[in-house]
Amino acid sequence: MRQFPLEMHDMAPGRVVEWRLRSTAAQAAAPGGPAADRRASFNQDKHFTVAEESRAADDPTASWIAVTFEVSGPLDEEALTGSLLAFTGRHEVLRCEFRRLAGELACAPIPADELALDTVRVADFDRTEELTGFLVERFKRSIDTLSWPLFTMGAVLREDSATVYLAFDHIVCDGMSMPIVVQEVQSGYEALRRGERLDAAPAPSYLDFAEEQRGRYLSIDAEDERLGYWKEFMARGGGEFFPRFPLELGVEPGRMYSIVNEASPLLDAGEAEVFEKACLAVDGKPFMGVLAAVAVCLREAGGPGVYRGFMPVSERGRAAWTNSVGWFVNTMPIEFDASPGRDFEQVMASVRAGFGEMIGHVDVPFVRAWELLAPREFAARSWPYPVNFFSYIDMRKCPGAERHEDWRPTSHVWSAQANGACSWFQRDADGLHMNSIYSDTPDARRTMDGFLEALRATVREIARHGSFRRPIALTPPRRPVARTPLDVAAFGRRG
């Protein structure tokens, strides 16, 4: 399972059918009473606020996360309907309506037994390009942060197979939710085909997670000692909350751009196995090796020797949320020394130390730290400038991974606009892959093309030789990127 633009999906054409979710209770459309309301998470509150402000400014912000998977043989529409309905009922966050109550964002879940699905025949397509184009536009139009339901479900039917798709607003899920979606819907479908009854027990709720998180961190202030890691990170970066992407992207301050959404392989399955062994040989993990390679490539292109960036960290490991759908992601700053002259083992040791330090302070929610430590930037609808961002998921360790060869799941992300660059890395049975979304400018295209080429060469070099024997330099940016000074000496004292 890997992530790439939906437009790259070589999906066979067919007849499109969708399942429209509705409530069977007449009162569901009216605001719920106080007893029904739950408080949203920090992530959800910020996301919803941006959508509200964008709508008011007539500059709507749009994004979605989608997943597709394959069903062999003629589709049993009744069984898939039952599986989709059970899946929706199982995860409380999918049944939530969000609204403002006295300034706070509240969510009122609709009871699972008040949900129904209507099957709608949509259109027939004879060409793959027309089908994928339709789905891209369909997801853009149908998913609205300010309107329920916050996801869409459908399938492309053929005589001997079907492609099932689900697309979600980020407010109800994250990237790690996508394998859970595939596993639950496919397993439920197969069970119903066998004549079995599905377990109606609800999954541990993301709403409970949100409530616990708010209870612990809503009352803290900027002087709270738990923000010490963030304050130290900011101090070493000239006081800035957001770590800048160190290469030229040609974006103007305060302006958003249409996006480029690209995906490419970095290593095939065999190379990825060897790469993992090279990382283990120096007491590291594969994601650390990829991060080390990214840092070296950025440095070779003119970036700083000390890598500074944001890294999303899953919060599913706590309590019982491992197999729950929701936005279980905290974004944390990480920094480590990748200065010239350091070999692979030394950089990996620095990555390992930086990651360990980060994990030791991962509990404070990113949005809360942002609000308290950078209130002016928090009031804006986007991050203030291009931010250095790294994400890695090993899809082989996700729920249902043992069936991925049969189900052939894929995930897709899209955003209407960007003012920087974000890259996601996925490891699956086929190797190591990279998906990047960045601002569509000539400088950004040139920079990201060079970065991809250099990174691919560097991870292959590690796989072949266990080292940075021949780091591949990017073409330097045409003009320098404004940076705040780094306190490298302080970083060195920190270890």
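Colleague: In which loop is the place of Arg 408?

Modeller: This is a predicted model. Two elements flank the residue: helix α12, spanning 404–407, comes on one side, and strand β14 on the other. The place of Arg 408 is in the loop between α12 and β14.

Colleague: What is the phi of Arg 408?

Modeller: Most residues other than glycine have a negative phi. Arg 408 is not a glycine, yet its phi is positive. The value is about 50°.

Colleague: Does Arg 408 count as buried, partly exposed or exposed?

Modeller: The relative accessibility of Arg 408 is 49%. Exposed means over 50%, and buried means under 20%. Arg 408 therefore counts as partly exposed.

Colleague: Where is Ala 102, and is it buried or exposed?

Modeller: Ala 102 has its place in the loop between β5 (96–101) and β6 (104–109). Its phi is near 55°, a positive value in a residue other than glycine. Its relative accessible area is 88%. The cut-off for exposed is over 50%, so Ala 102 is exposed.

Colleague: Which residues does a cis peptide bond join?

Modeller: Most peptide bonds are trans. Here one bond has an omega of about 0°. Pro 149, in the loop between α3 (128–142) and β8 (151–157), is one of the partners. The cis bond joins Trp 148 and Pro 149.

Colleague: How many residues of strand β14 are buried?

Modeller: Strand β14 covers residues 410–415. On one side, Thr 410, His 412 and Trp 414 are buried. On the other, Ser 411, Val 413 and Ser 415 are buried too. The count is six of six.

Colleague: Which residue in β14 is the bridge partner of Ile 65?

Modeller: Strand β4 (residues 63–72) pairs with β14 in the antiparallel sense, over six bridges. Ile 65 has its bridge partner in β14. That partner is Val 413.

Colleague: Which residue in β14 is the bridge partner of Arg 2?

Modeller: Strand β1 (residues 2–3) pairs with β14 in the parallel sense, over two bridges. Arg 2 has its bridge partner in β14. The partner is Thr 410.

Colleague: What is the strand order in the open sheet of four strands?

Modeller: The pairing in this sheet is mixed. Its edge strands are β10 (259–268) and β13 (390–394), each pairing on one side only. From one strand to the next, the twist averages 15°. The order is β10-β16-β15-β13.

Colleague: Which residue in β16 is the bridge partner of Trp 424?

Modeller: Strands β15 (residues 421–428) and β16 (residues 431–439) pair in the antiparallel sense. They do so over eight bridges. For Trp 424, the partner in β16 is Asn 435.

Colleague: At what angle does helix α7 run to β10?

Modeller: Helix α7 (residues 269–281) lies across β10, β15 and β16. Helix α7 runs to β10 at about 75°.

Colleague: Which strands does helix α8 touch?

Modeller: Helix α8 (residues 286–300) packs on the sheet. Its direction makes about 150° with that of β13. The strands touched are β13, β15 and β16.

Colleague: What is the mean pLDDT of the protein chain, and where is it below 50?

Modeller: Of the chain's residues, 92% reach 70 or more, and the mean is 92. Where pLDDT is low, the predicted coordinates should not be read in detail. Residues 476–495 stay under 50, although the model has 43 contacts for them beyond four places in sequence. Another stretch below 50 is residues 27–35.

How values were computed
Residues are numbered from 1 along each chain as its sequence is written. This is a predicted model: local features need pLDDT of at least 70, side-chain atom pairs count only at pLDDT 80 or more; totals for chains, interfaces and linings use all residues. Side-chain values use heavy atoms; hydrogens and water are left out. Two strands pair if DSSP finds at least two bridges between them. Axes are lines fitted to C-alpha atoms, for helices over the stretch in contact, and angles run from 0 to 180 degrees between N-to-C directions. Contact means heavy atoms within 4.5 Å. Buried means under 20% relative accessible area, exposed over 50%, partly exposed in between (1.4 Å probe, protein chains only). pLDDT is the predictor's confidence in each residue, from 0 to 100.
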